[in-house]
Amino acid sequence: MDDRGDATGHEDTDIEPRKNWQMAVLATILAAAIFALDTFSPVDMAIAVLYVVVVLLAANYVERRGLLAISGLCVGLTLASFFIIHGDSFDLGSVMRCAVSIAAITVTTLLSLRNQDATDSLKEQAALLDLTHDAIFVRDTEDVIRYWSQGAQELYGWTRAEAVGRNAADLLKTAFPHALAAIRRELLQTGRWEGELTHTRKDGSRVTVMSRWSLQRDERGRPAATMETNSDLTERRRAEDALHQTRTQLTHVTRITTLGELTASIAHEINQPLAAVVTNGAACLRWLDRPEPDIGEAKASVERMISNGRRASDVVARLRALARRSEPQHTPLDVNEVVEEMLQLLERELAQHRIALELAFDRHVPAVAGDRVQLQQVLINLSLNAMQAMDAVPPRGRRLGIVTRAEQDEDGRAVVIEVRDRGPGIAPENLPKLFNAFYSTKQDGMGMGLSISRSIIEAHGGRIAAAPNETGGMTFAVRLPVPEDEPT
């Protein structure tokens, strides 16, 4: 194929005026020959009918006004030839031949004008198709390209003159997602097909497109042509591949981070029960080292050691389940009982920190669905934080308040547990970071307790919040939803 024309069609633009001028000369010569033959030939027939050839030639290269002028000229030449030959003495036959010729020229002109209007309309529609960035081309039933849009030219690199008349699959080296016969069968059945194709550009590079096919049928319902609209997905695919790679790397980093957080969480959460085991072990030795060993107290210390060891094991198991995002072991719970059991585990810490309890339990709160060990661990974390926050407060002012109550708002019924202290409180600018992992207001804190507590409460469908008290200190409120089937 000749590649001398460039992609912008400048060569075609230069050739078109030259071709129009040549066709004008040819039409003029043809009209003069028909006039001479009609005027001077002895043949007795409607030679002027041949002027329709002049009209048809001119219809392809002149606009509406020019075509009307040429048609009028042909009618004038017909009449001139008629009067030159017959003068004032003409018969009915010659008049009929002249009338037939003029009628033929007129009808041909009208049909040519109508064809020009239809052609102009098609050109306007084609121009609209060229405005889109998508590649659009039309191919016949033999897969031969009949129309090639500007978008197709820009996407694939072939000009319209290079593409029209070529087999589409051969030109583009199309790679189909599945058998072409199945695609054509779906196209014939539904009139449409959509899927991803891989094409080859003129420069040899590959391009992935989202292709949409629409089948056109003739007046008898037979397949006539297929319009194919292709959108370039190459850059999107590259971006998706890059995103997938980034996600893979991020997943690896997240796993490492989660492993670190889990390790820190386990160390933080089992510190208290292990410390209790050590304390009770030391107490047991003291009871046994007496001149008269107190077997009862030693036995009680050992039982507390066993209890704290089991609690440490339960904490590890719950944290592993939390890290795996597995469902908590939800059972109906009375929050008052959960709080009372938690306080029994903190008896030694309360005495060591010389903390006075201020309890306000609503004995009619509805049951909540939750994991007893996890909720107790949250309350232990909040209570220990409150105790440690009051270390700098004089002993008389150390008050740990725990309140339970039922409430109902736009989110439904819930049970609220509040843990209040009278410590120095937290600076307002630090409140938004309070539940972040590894953030702590204590110098020796790991910053995991509140982060773990929030994860546990959210896994229960609740929420946890912190707010400063008007009289000093902080209040941590845990809100747990009440199941819908729980009676009021």
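Is F82 buried or exposed? Let's work that out together, along with a few other puzzles from this predicted model.

**Exercise 1. Place F82 and describe its ring partner.**

Start with accessibility: F82 has a relative accessible area of 10%. The cut-off for buried is under 20%, so F82 is buried. Next, look for aromatic pairs; the whole structure holds 5 of them. One of these joins F82 to F83, with 5.5 Å from centre to centre and 75 degrees between the planes. An angle over 60 degrees counts as edge-to-face, and that is the geometry of the F82 and F83 pair.

**Exercise 2. Find the aromatic cluster, then the charge that sits over a ring.**

Follow the ring pairs and you arrive at a cluster made of F137, W148 and Y156. Now turn to another tryptophan, W213: R139 lies over its face, 4.2 Å from the ring centre.

**Exercise 3. Map the largest nonpolar core and say which element gives the most to it.**

Begin with the count: this core has 40 residues. The residues with the most contacts inside it are V339, M342, L382, L400 and I402. Then go through the elements that supply two or more residues: the helices α12 (335-345), α14 (372-389) and α15 (449-459), and the strands β9 (399-409), β10 (412-420) and β12 (474-481). Among them, α14 gives the most, with 8 residues.

To see the surroundings of one core residue, take L400. Beyond its neighbours within four places in sequence, L400 is in contact with residues including L350, I355, L357, A386, M387, M390 and V419. Polar and charged residues touch L400 too, among them E358, S383 and R420.

Finish with the second, separate core, which has 20 residues and includes Y156, L171, L197 and L215. You have met Y156 already, in the ring cluster with F137 and W148.

**Exercise 4. Describe the setting of two buried polar residues, E162 and S231.**

Take E162 to begin with. E162 sits in helix α6 (residues 160-163), and a relative accessible area of 4% makes it buried. Its side chain reaches the backbone nitrogen of T159 at 2.9 Å. In sequence E162 is 14 residues from W148, while their C-alpha atoms are 9.5 Å apart in space.

Now S231, which belongs to strand β5 (residues 223-232). Its relative accessibility is 15%, so S231 counts as buried. The side chains of S231 and R212 are joined by a polar contact of 2.9 Å. Leaving aside neighbours within four places in sequence, S231 is also in contact with D134, T208, V209 and M210.

**Exercise 5. Compare two loop residues that have a positive phi, D143 and K173.**

Check the backbone angles: phi is near 70 degrees for D143 and near 50 degrees for K173. Neither residue is a glycine. Then locate them: D143 lies in the loop between β1 (135-140) and β2 (145-148), and K173 in the loop between α7 (168-172) and α8 (180-190). Last comes accessibility, where they part ways: D143 counts as buried at 10%, whereas K173 counts as exposed at 54%.

**Exercise 6. How many disulfides does a search of the whole structure find?**

Recall that a disulfide is a covalent bond between the sulfur atoms of two cysteines. The search finds 0 disulfides. As for individual cysteines, C98 is buried, with a relative accessible area of 10%, and C284 is buried with a value of 10% as well.

Methods:
Residues numbered from 1 in each chain as written. Predicted model: local features only at pLDDT ≥ 70, side-chain atom pairs only at ≥ 80, totals over all residues. Heavy atoms only, no water. Core = buried A, V, L, I, M, F, W, Y, C linked by side-chain atoms within 4.5 Å. Buried < 20%, exposed > 50% of the residue type's maximum accessible area, 1.4 Å probe, protein only. Helix = DSSP H or I, 4+ residues; strand = E, 2+ residues; numbered from the N terminus. Contact = heavy atoms within 4.5 Å. Phe/Tyr/Trp six-rings, centres within 6.5 Å; stacked < 30°, edge-to-face > 60°. Lys NZ or Arg CZ within 6 Å of the ring centre and 35° of its normal. Polar contact = N/O pair within 3.5 Å; in protein donor to acceptor, adjacent residues only side chain to side chain. Disulfide = S-S within 2.5 Å.
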